[in-house]
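Trainee: I'd like to go through this one with you, helix by helix. Can we put it on screen?

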Amino acid sequence: MQSLQQKAAEWSGVQTANAFTIDDTNLFQKLGLQTFVNLSTNFYNRVYDDEEEWFRSIFSKSEKENAIQNQYEFLVQRMGGPSLYSQRRGHPALIARHKPFPVTHEAAERWIYHMQQALDSTSDIDDDSKTRMMNFFRHTAYFLVAGVEQKNQNLHKPCKGAAGGHPCKNF
């Protein structure tokens with residue numbers, strides 16, 4: 001059975017080592033807090049204005065301002081800055097936090113599309129940092145797809161001793 005990282009690498013086209021080149025430099029120190037705020041704002045403005053209703057609906061129960069704050073605090077923390085996200089919300093636990101949402105291959109591609117557009121239009125991010133971040137984002141999007149799929153499969157395993165592998169009443 002493939003690990004989540006292996007699936008993410010296969011599906012995203014980004015090898016795990018390339019996804020984590022973000023750890024080779026402190027992008028928070030290099031880019032600063034405001035750049036991550038701008039990136040997240042740019043990203044969520046695109047998401048909430050997306051022409052595809054199915055994609056917008058994924059975010060419909062979230063306030064845009066909260067989504068922006070959650071994302072930039074997570075990015076600041078993950079890119080070498082202070083633990084803003086964990087201080088306010090606890091461990092990021094990305095798979096668990098995304099489990100309620102339809103995290104599919106199609107949704108991942110749409111998310112990646114908007115993040116690429118946001119990166120490209122955030123002028124304070126140099127090309128090397130954009131490449132590192134996009135590799136991380138692409139890989140992580142598919143890591144979430146694999147993780148949510150795996151968690152959902154684990155929920156639907158047949159009950160022990162069920163006749164003919166019939167799922168239990170909790171299915």
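Mentor: Sure, angle classes before anything else: under 35 degrees counts as roughly parallel, over 145 as roughly antiparallel, 65 to 115 as roughly perpendicular, and the rest as oblique. Keep in mind that this is a predicted model, where local features need pLDDT of at least 70, side-chain atom pairs count only at pLDDT 80 or more, and totals for chains, interfaces and linings use all residues. Residues are numbered from 1 along each chain as its sequence is written, and side-chain values use heavy atoms, with hydrogens and water left out.

Trainee: How are helix 4 and helix 6 oriented to each other?

Mentor: Their axes (lines fitted to C-alpha atoms over the stretch in contact, angles running from 0 to 180 degrees between N-to-C directions) come within 9 Å and cross at roughly 140 degrees. Helices here are DSSP runs of H or I, at least four residues, numbered from the N terminus. The pair is therefore oblique.

Trainee: Which residues of helix 6 make the contact with helix 4?

Mentor: Contact means heavy atoms within 4.5 Å. Helix 4 brings L33, F36, V37, L39, S40, T41, F43, Y44, N45 and Y48. Facing them from helix 6 are K64, A67, I68, Q71, Y72, L75 and V76.

Trainee: Which residues of helix 9 are buried?

Mentor: Buried means under 20% relative accessible area, with a 1.4 Å probe and protein chains only. Across the protein chain, 40% of the 171 residues count as buried. In helix 9 (residues 105-120), the buried ones are A107, A108, R110, W111, I112, H114, M115, A118 and L119.

Trainee: How many helices does the protein chain have?

Mentor: The elements run α-α-α-α-α-α-α-α-α-α from the N terminus on. There are zero strands, and the helix count is 10.

Terms used
Helix = DSSP H or I, 4+ residues; strand = E, 2+ residues; numbered from the N terminus. Expected span 1.5 Å × (residues − 1). Buried < 20%, exposed > 50% of the residue type's maximum accessible area, 1.4 Å probe, protein only.
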